[in-house]
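Thanks for coming, everyone. I would like to walk through one model this morning, going from cysteines to the contact between chains and then to some backbone details.

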Amino acid sequence: MEKIVQNTDHDALTCKLSAISTRYIPCPLVHKDYFNYNDIYLSYYQTLKTLLSRRDQGSINRALRNSYPVMNYGTYLRTVSIDSLLNSYLDERVSNEYIQVVNLGCGSDLRFVHLLNNFKNIKYIDVDFKDALELKGKVLRTNLKFKQALKLDTEIMDKTENGSQLIHTENYVMMEGDLKDTSDIITKLSRYTDTNAKTVFITECALCYLPDIAAQRLIDKIIDTFDSGYWISYDPIGGNQEKDKDRFGKIMQDNLKSSRDLELPTLLKYFSEDLYSSRFTQHTNSSKKITVNIKNLWEFYLQSINDNEKKRLQKLQFLDEIEELKIMQSHYIILNAQW
Amino acid sequence: MDLDKIISLIRQGKHIHEETVYTLCLNAQELLINEANVSKVDTPVTICGDIHGQLHDLLTLFDKSGGVENSRYIFLGDFVDRGFYSLESFLLLLCYKLRYPDRISLIRGNHETRQITKVYGFYDEIMRKYGNSNVWRYCCEVFDYLSLGAVIDNKIFCVHGGLSPDINTIDEIRDIDRKQEVPHEGAMCDLLWSDPDEVMTWSLSPRGAGFLFGKNEVDNFLYKNDIELITRAHQLVMEGYKEMFDGGLVTVWSAPNYCYRCGNVAAVLRIEDDLSRNYTIFDAVQAQNGVGNAIIPTKKVQMDYFL
Ligand SMILES: C[S@@+](CC[C@H](N)C(=O)[O-])C[C@H]1O[C@@H](n2cnc3c(N)ncnc32)[C@H](O)[C@@H]1O
Ligand SMILES: [Mn+2]
């Protein structure tokens with residue numbers, strides 16, 4: 001079961017590699033200050049490949065070859081929507097404040113490389129299952145580039161305890177844990193972070209794999225524990241079956257269940273923007289004031305991508321079907337919640 | 001060659017030998033080379049939109065609309081790409097064309113090109129099924145001979161995408177040298193790529209090819225050519241069809257649950273002798289055993305979602 005969920009990280013990474021190789025990302029605006037973007041992901045993948053089974057390598061390679069423009073657009077929107085929220089939050093504060101960033105269900109995401117490089121005053125925590133992080137740690141340790149980026153050679157903390165590959169430096173920590181085990185997660189987070197300091201939480205296709213109760217407990221506990229935070233979440237929503245006769249979510253659930261036994265427990269429960277954001281606003285056991293913004297990624301495309309950038313995207317590949325892009329993107333949301 | 005036998009094999013999703021495909025394509029070319037850029041078709045006729053390799057849904061389409069043994073059809077293009085049975089879908093239509101030449105018209109869509117099929121799945125499907133690209137090349141040769149449009153009873157114009165600023169009259173389409181890969185611009189490209197929209201005049205298309213055209217352009221075209229309707233496909237419509245501009249244009253979409261994930265229904269449009277319009281709506285083939293989508297082949301194909 002856990003393996004099935006962990007494998008979704010290969011999908012996320014494959015999509016990103018494909019969007020990079022077709023030049024959707026990096027985005028010249030949002031990733032302006034992200035050095036060597038392509039290089040960092042490609043060399044991560046080169047090293048990762050040597051550690052994967054033949055079968056996993058094969059499926060990633062196949063997926064990379066068959067990736068459609070509509071998927072590259074979506075990956076672009078996903079990455080850009082998160083990074084632009086992240087950048088503007090950090091840009092405003094980081095020059096005079098210390099900020100922590102916690103990526104829950106981080107998978108192979110390499111945001112920390114750029115954030116640690118671009119912002120001096122931050123600490124970055126990557127959270128995922130132990131196996132996932134061991135693999136990631138191994139890749140980062142093997143690859144010279146990351147060793148340097150993380151100053152691993154000189155770092156005293158860089159010793160493998162009992163053969164563990166988890167990385168633990170002054171400003172980058174790999175924290176293994178199961179997001180369903182809320183109290184363990186909170187305990188560990190309190191160990192690695194200062195709960196009084198401003199903290200950004202990222203859940204990029206992570207909440208969607210958790211059972212309703214576990215996800216809600218995680219949201220509630222984190223908001224309770226951290227004095228002041230900023231949560232960025234990207235997830236699919238199922239759409240309204242009753243009112244709009246929208247079958248997207250139901251079909252998605254059936255397809256993923258039958259093709260790979262993957263479950264999305266809350267897809268049809270929090271099927272709209274309002275319902276999804278209610279998980280953050282209806283947080284009861286605290287008097288904290290929370291402001292939540294949410295939009296679907298189609299709205300994000302229409303409202304937040306300027307005309308020049310839209311033109312740039314159009315030139316990359318022939319997008320054969322706009323309506324399909326609209327349908328897919330209106331079933332993914334980007335949320336930010338500040339308290 | 002025994003067309004009926006090949007048809008029955010295709011309908012069962014059986015492998016068709018490379019040599020058979022070669023012969024089919026050659027025969028089809030010989031037939032199509034003699035057709036005009038814009039074919040003339042009589043009523044009653046059933047107009048069908050994009051198919052995109054969804055063979056099982058194409059079979060449903062024929063079931064629900066009488067079948068080619070009994071009625072006339074116009075297919076508006078985009079037979080291949082995206083779905084998992086592009087080859088079978090296209091070959092079935094070719095076989096019907098060879099078997100019943102007067103009962104079926106095949107119009108070229110923007111996917112019936114070498115460049116697009118390399119990106120959108122047909123090429124990969126052939127490589128998967130044959131281990132080499134020969135069959136893809138045979139099919140692409142046929143694509144170059146497909147017609148660009150049709151006119152029903154001199155009153156209804158059929159095309160895959162839409163209008164072009166370079167085309168005022170249907171006769172001008174007849175002058176195009178169509179036997180080539182679809183160019184990146186110009187009249188032939190626009191006919192296959194353009195979309196209707198709420199625009200005041202010709203506008204840039206977000207697809208990067210063709211144009212957006214509005215009610216003005218449609219009204220002009222209808223008036224100049226003395227016709228009453230433009231039927232086209234090319235755009236996914238959740239309800240299967242969509243009339244625009246006071247009924248002067250209709251989009252017909254015939255691939256239900258497009259790409260096995262969009263959740264839309266499909267439609268075909270039957271034009272009667274008195275030119276009245278009858279839409280038939282149909283849904284995707286139901287999943288077997290209540291698990292997933294039966295049309296997805298057993299070999300696990302990647303499902304396109306953001307995970
Ligand atoms: C689809 S991937 C997304 C990875 C990354 N956030 C991205 O968007 O590139 C989902 C990740 O969440 C992790 N995950 C899911 N459920 C988890 C849980 N209960 N505890 C820890 N990690 C979990 C998986 O291991 C996987 O790496
Ligand atoms: Mn089309």
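Let me begin with a question: is B:Cys189 buried or exposed? Bear in mind, before I answer, that what you see is a predicted model. B:Cys189 is buried, and its relative accessible area comes to 1%. As for a partner, B:Cys189 takes part in no disulfide, and the nearest cysteine sulfur, which belongs to B:Cys140, is 17 Å away. Over all chains, in fact, the count of disulfides is 0. In chain A, A:Cys208 is likewise in no disulfide, with the sulfur of A:Cys205 as the nearest cysteine sulfur at 4.8 Å. The cut-off for a disulfide is a pair of cysteine sulfur atoms within 2.5 Å, so a separation of 4.8 Å does not qualify. A:Cys208 is buried too, at a relative accessible area of 5%.

Staying with A:Cys205 for a moment, this residue sits in the loop that runs between strand S4 (198–204) and helix H9 (212–225) of chain A. Its phi is near 50 degrees, which is a positive value in a residue other than glycine. In general, most residues other than glycine have a negative phi. A:Cys205 has a relative accessible area of 7%, and because buried means under 20%, A:Cys205 counts as buried.

Chain B offers a further case of positive phi: B:Asp81, a residue other than glycine, has a phi near 80 degrees. B:Asp81 is found in the loop between strand S3 (72–75) and helix H4 (86–99) of chain B, and B:Asp81 is buried, with a relative accessible area of 0%.

Now to the peptide bonds. In chain A, the bond joining A:Ile25 and A:Pro26 is cis, with omega at about 5 degrees, and A:Pro26 belongs to the loop between helix H1 (2–21) and helix H2 (37–51) of that chain. In chain B, a cis peptide bond joins B:Thr43 and B:Pro44, where omega is about -10 degrees; B:Pro44 lies in the loop between strand S1 (38–41) and strand S2 (45–48) of chain B.

Let me turn to how the chains meet. From chain B, 41 residues are in contact with 38 residues of chain A. Which three residues supply more of the area that chain B buries against chain A than any other three? They are B:Tyr305, B:Phe306 and B:Leu307, which supply 29% of that area. Taken together, chain B and chain A bury about 3600 Å² between them, and 57% of it is on carbon and sulfur atoms.

On the polar side, there are 4 salt bridges between chain B and chain A, one of which pairs the side chains of B:Asp283 and A:Arg247 at 3.2 Å, N to O. The count of residue pairs in polar contact between chain B and chain A is 16, with both residues at pLDDT 80 or more. The side of chain B that touches chain A takes its largest share, 4 residues, from helix H5 (residues 114–120) of chain B, and the residues of that side divide into 20 nonpolar, 14 polar and 7 charged.

I will finish with helix H14 (residues 322–329) of chain A, in which the buried residues are A:Glu324, A:Leu325, A:Ile327, A:Met328 and A:Gln329. The buried residues of H14(A) pack against several elements of chain A, including helix H4 (69–93), helix H10 (248–260) and strand S7 (332–338). At the N-terminal end of H14(A), A:Glu321 acts as a cap, with a side-chain oxygen 3.2 Å from the backbone nitrogen of A:Glu323.

Technical notes:
Residues are numbered from 1 along each chain as its sequence is written. Chains are lettered from A and ligands numbered from 1 in the order in which they are written. This is a predicted model: local features need pLDDT of at least 70, side-chain atom pairs count only at pLDDT 80 or more; totals for chains, interfaces and linings use all residues. Side-chain values use heavy atoms; hydrogens and water are left out. Contact means heavy atoms within 4.5 Å. Buried area is the accessible area (1.4 Å probe) that two parts lose on being put together, summed over both. A polar contact is a pair of N or O atoms within 3.5 Å; within protein, one must be able to donate a hydrogen and the other to accept it, and residues adjacent in sequence count only if both atoms are side-chain atoms. Helices (H or I, at least four residues) and strands (E, at least two) are DSSP runs, numbered from the N terminus. Ala, Val, Leu, Ile, Met, Phe, Trp, Tyr, Cys and Pro count as nonpolar, Asp, Glu, Lys and Arg as charged, and the others, Gly among them, as polar. Buried means under 20% relative accessible area, exposed over 50%, partly exposed in between (1.4 Å probe, protein chains only).
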